[in-house]
Structure formats: C-alpha cells, structure tokens
Amino acid sequence: MIFILFIVPLSILLHEFGHAFMAYVFKADFIHFFVGSGKERAYMQVGRMRIHIHTLLFMGGVSVSEKENDFKDREKVLISVAGPLFNGLIAWILFHYSHDSMAVRLSFWFNLWLAILNIFPFRFKKKKSDGYICVEVLMKSFKNWLN
C-alpha cells in the first residue's frame, strides 16, 4: 500500500516537476502538470504553475507547458529529458542514502525504472515517451538541416 499510495504518486510528481522546472527555466508562460488519472480532485496554482491532482494517483502523469513564442528545439529536448533526469537523480540519492528501509529500496527501484523507461522512444496511442519526443524533435531538426 505504501508503494501505490505514496511512492508511485510522489515519484510521478517529481518526474513531472522536472519537466515543469525546466519549462519554467525557459520562461514558459504557463505550466500545467497532472498527477494521476480519472476525475480531478484538486488543483493548486503557484505563480505560472498549476498542479492538477486526479483520483487514481498511481496512474501516470503529464506536464504541459505553454509559451507564446514556441520553445526552440533545444529547449523542447531539455524539457523532455528533465523528467527522467530528476528520477535518475532521486534514484542516485536514494541509492547512497540507505538500503535498510524497504520504502527507500522501492523508491530507488521505481525512480530508476521511471528514468530508464522514459528515455526509450515509444508511443502508446496518443501518449509519447520523453525519449520519443526527443527523437521526434531531433529528426525534424535534422530534416530541416538537410533542406
């Protein structure tokens, strides 16, 4: 229960925060990040950032950034990579913190899994992994460079 109710939602929240933080660095006009799926239960707005909390906290998340002048390709890639990097950093910190606690070990493995999984380029229906977004942007840039 600890894993599903606390570790998964917190890890997803931190993953999405990585994207949101990098979008903030690149001066996004507005940032939404969603944790969970199903009916929206609460939201909180802090400056240009709005956090949406949904019923099924353990069922993923997404971050959406808005900018009047679209992000540059380099910024899109860095925003996409920031989520997995946050999970990787958290896993690294937890690995060096303690191996005695089951909750810490579960957090380490789940954050490591999120970091690795999201770097791979894949698409499921309309959802794209962070790696897929990076490859998509890089391929578009490469095609533009060739022309």
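# A tour of the helices and a few single residues

Select helix H1 (residues 2-25) together with H2: the two pack with axes 7 Å apart, at an angle of about 140°. That angle makes H1 oblique to H2. This is a predicted model, so read each stop as a prediction. The crossing of H1 and H2 is right-handed.

Now show the side chains at this contact. From H1, pick Ser11, Leu14, His15, Phe17, Gly18, His19, Phe21, Met22 and Ala23. From H2, pick Leu78, Ile79, Ser80, Ala82, Gly83, Pro84, Phe86, Asn87 and Ile90. Colour the contact of H1 with H2 by class: eleven residues are nonpolar, seven are polar and none is charged.

**Next: H2 and H3**

Keep H2 on screen and add helix H3 (residues 102-119). Their axes come within 8 Å and cross at roughly 150°. An angle over 145 degrees counts as roughly antiparallel, and H2 and H3 are therefore roughly antiparallel to each other. Their crossing is left-handed.

Which residues of H2 meet H3? Select Pro84, Asn87, Gly88, Ile90, Ala91, Leu94, Phe95 and Tyr97 in H2. Across from them, in H3, select Val104, Ser107, Phe108, Asn111, Leu112, Leu114, Ala115, Asn118 and Ile119. The contact of H2 with H3 has twelve nonpolar and five polar residues, with no charged ones.

**Next: H2 and H4**

Swap H3 for helix H4 (residues 130-146), and keep H2 (residues 73-97). The axes of H2 and H4 come within 9 Å and cross at roughly 165°. That makes H2 roughly antiparallel to H4. H2 passes H4 in a left-handed crossing.

On the H2 side, the contact is made by Asp73, Lys76, Val77, Ser80, Val81 and Pro84. On the H4 side, look for Asp130, Ile133, Cys134, Val137, Leu138, Lys140 and Ser141. How many residues of the contact of H2 with H4 are charged? Four are charged, alongside seven nonpolar and two polar.

Pause on Pro84. This H2 residue is in the contact with H1, in the contact with H3 and in the contact with H4.

**Next: Glu75**

Stay on H2 and select Glu75, which sits in this helix. Is Glu75 buried or exposed? Glu75 counts as buried, because its relative accessibility is 8%. Draw a distance to Lys72: the backbone nitrogen of Lys72 lies 2.9 Å from a polar atom of the Glu75 side chain. Then show Phe26 and Lys67, which Glu75 contacts once neighbours within four places in sequence are left aside.

**Next: Met44**

Move to strand S1 (residues 30-46) and select Met44 there. Met44 counts as partly exposed, at 48% relative accessibility. Add Met49, Arg50 and Ile51: Met44 is in contact with these three, leaving aside its neighbours within four places in sequence.

**Last: two lysines in loops**

Most residues other than glycine have a negative phi. The final two stops have a positive one.

Go to the loop between H1 and S1 and select Lys27. Its phi is positive, about 65°, although Lys27 is not a glycine. Lys27 is exposed, with a relative accessible area of 58%.

Then find the loop between strand S3 (123-124) and strand S4 (127-128), where Lys125 has its place. Lys125 is not a glycine either, yet has a positive phi of about 55°. At 69% relative accessibility, Lys125 counts as exposed.

Technical notes
Residues numbered from 1 in each chain as written. Predicted model: local features only at pLDDT ≥ 70, side-chain atom pairs only at ≥ 80, totals over all residues. Heavy atoms only, no water. Axes fitted to C-alpha atoms, helices over the stretch in contact; angles between N-to-C directions. Helix = DSSP H or I, 4+ residues; strand = E, 2+ residues; numbered from the N terminus. Parallel < 35°, antiparallel > 145°, perpendicular 65-115°, else oblique. Left-handed = near helix turned anticlockwise from the far one by under 90°. Contact = heavy atoms within 4.5 Å. Nonpolar A, V, L, I, M, F, W, Y, C, P; charged D, E, K, R; others polar. Buried < 20%, exposed > 50% of the residue type's maximum accessible area, 1.4 Å probe, protein only. Polar contact = N/O pair within 3.5 Å; in protein donor to acceptor, adjacent residues only side chain to side chain.
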